[in-house]
Amino acid sequence: FSDTLPRPQPTSGVNLVMANKDCRTLWVGDVEGWMDEEFLHRAFSSAGFVTNIKIVRRSVQAAGFAFIEFTEPKSVSCLVAEGDSKS
């Protein structure tokens with residue numbers, strides 16, 4: 001992002017998917033090149049305690065996807081439900 005463009009809200013424009021109701025890991029798509037582990041931690045820690053973040057990209061600044069792991073499955077369920085309600 002250029003310095004003149006506003007940055008989007010942490011969860012705007014990302015896709016959230018969970019595998020099942022007991023899942024503690026959230027798949028996040030559309031992770032922009034400027035988003036790093038610290039940014040994702042700040043963006044998602046309000047939902048619960050984040051234990052691990054893994055960002056996968058083809059190159060350093062390319063968009064990609066991430067896996068965000070929480071201690072409790074309810075953290076993932078709440079985020080997915082919130083995302084579904086915004087669709």
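Two strands pair if DSSP finds at least two bridges between them. Helices (H or I, at least four residues) and strands (E, at least two) are themselves DSSP runs, numbered from the N terminus. With that in hand, S3 and S4 form a hairpin with six residues between them.

Some ground rules before the exercises. This is a predicted model, where local features need pLDDT of at least 70, side-chain atom pairs count only at pLDDT 80 or more, and totals for chains, interfaces and linings use all residues. Residues are numbered from 1 along each chain as its sequence is written, and side-chain values use heavy atoms, with hydrogens and water left out.

**Exercise 1. Find out where the predictor is confident along the chain.**

Step 1. Start with the score itself: pLDDT is the predictor's confidence in each residue, from 0 to 100. The chain averages 78, and 69% of the residues score at least 70.

Step 2. Go element by element. Strand S3 (residues 50-57) has the highest mean pLDDT, 95, and strand S1 (residues 15-18) the lowest, 58.

Step 3. Look at the start of the chain. The pLDDT is below 50 over residues 1-12. Beyond near neighbours in sequence, that stretch has nine contacts in the model (a contact means heavy atoms within 4.5 Å).

**Exercise 2. Lay out the fold, from element order to strand pairing.**

Step 1. Count the elements: there are two helices and four strands. From the N terminus on, they run β-β-α-β-β-α.

Step 2. Pair the strands. S3 and strand S4 (residues 64-70) are antiparallel, over seven bridges. S2 and S4 also pair in the antiparallel sense, over five bridges.

Step 3. Pick out individual partners. Isoleucine 55 has alanine 66 in S4 as its bridge partner. Glycine 64 in S4 stands opposite arginine 57, and glycine 64 is the bridge partner of valine 31 too.

Step 4. Check how far along the sequence the contacts reach. Among contacts with a separation of 6 or more, 54% join residues 24 or more positions apart.

**Exercise 3. Sort the side chains of S4 by face.**

Step 1. Fix the cut-offs: buried means under 20% relative accessible area, exposed over 50%, and partly exposed in between (1.4 Å probe, protein chains only).

Step 2. Walk along the strand. Gly64, Ala66, Ile68 and Phe70 point to one face and are buried, while Phe65, Phe67 and Glu69 point to the other and are not.

Step 3. Put values on two of them. Phenylalanine 65 comes out at 29% relative accessibility and phenylalanine 67 at 35%, so both count as partly exposed.

Step 4. Zoom out. Of the 87 residues in the chain, 28% count as buried.

**Exercise 4. Describe the aromatic pairs.**

Step 1. Set the rule. Rings of Phe, Tyr and Trp (its six-membered ring) pair if their centres lie within 6.5 Å; planes under 30 degrees apart count as stacked, over 60 as edge-to-face and the rest as tilted. The count comes to three aromatic pairs.

Step 2. Take tryptophan 34 and phenylalanine 39. Their rings are edge-to-face, 4.8 Å centre to centre with 70° between the planes. Tryptophan 34 is buried at 15%, and phenylalanine 39 is buried at 12%.

Step 3. Now take phenylalanine 65 and phenylalanine 67. This pair is edge-to-face as well, with 5.7 Å centre to centre and 90° between the planes. Trp27, Phe65 and Phe67 form one aromatic cluster.

**Exercise 5. What does the side chain of serine 75 reach?**

Step 1. Locate the residue: serine 75 is found in helix H2 (residues 73-86). At a relative accessible area of 4%, serine 75 is buried.

Step 2. Follow the side chain. It reaches the backbone oxygen of alanine 47 at 3.0 Å.

Step 3. List the surroundings. Leaving aside neighbours within four places in sequence, serine 75 is in contact with Ala47, Gly48 and Phe70.

**Exercise 6. Which sign does the phi of aspartate 30 have?**

Step 1. Recall the background: most residues other than glycine have a negative phi.

Step 2. Read the angle. Aspartate 30 is not a glycine, yet has a positive phi of about 60°.

Step 3. Place the residue. Aspartate 30 is in strand S2 (residues 25-31) and is partly exposed, with a relative accessible area of 40%.

Methods:
Polar contact = N/O pair within 3.5 Å; in protein donor to acceptor, adjacent residues only side chain to side chain.
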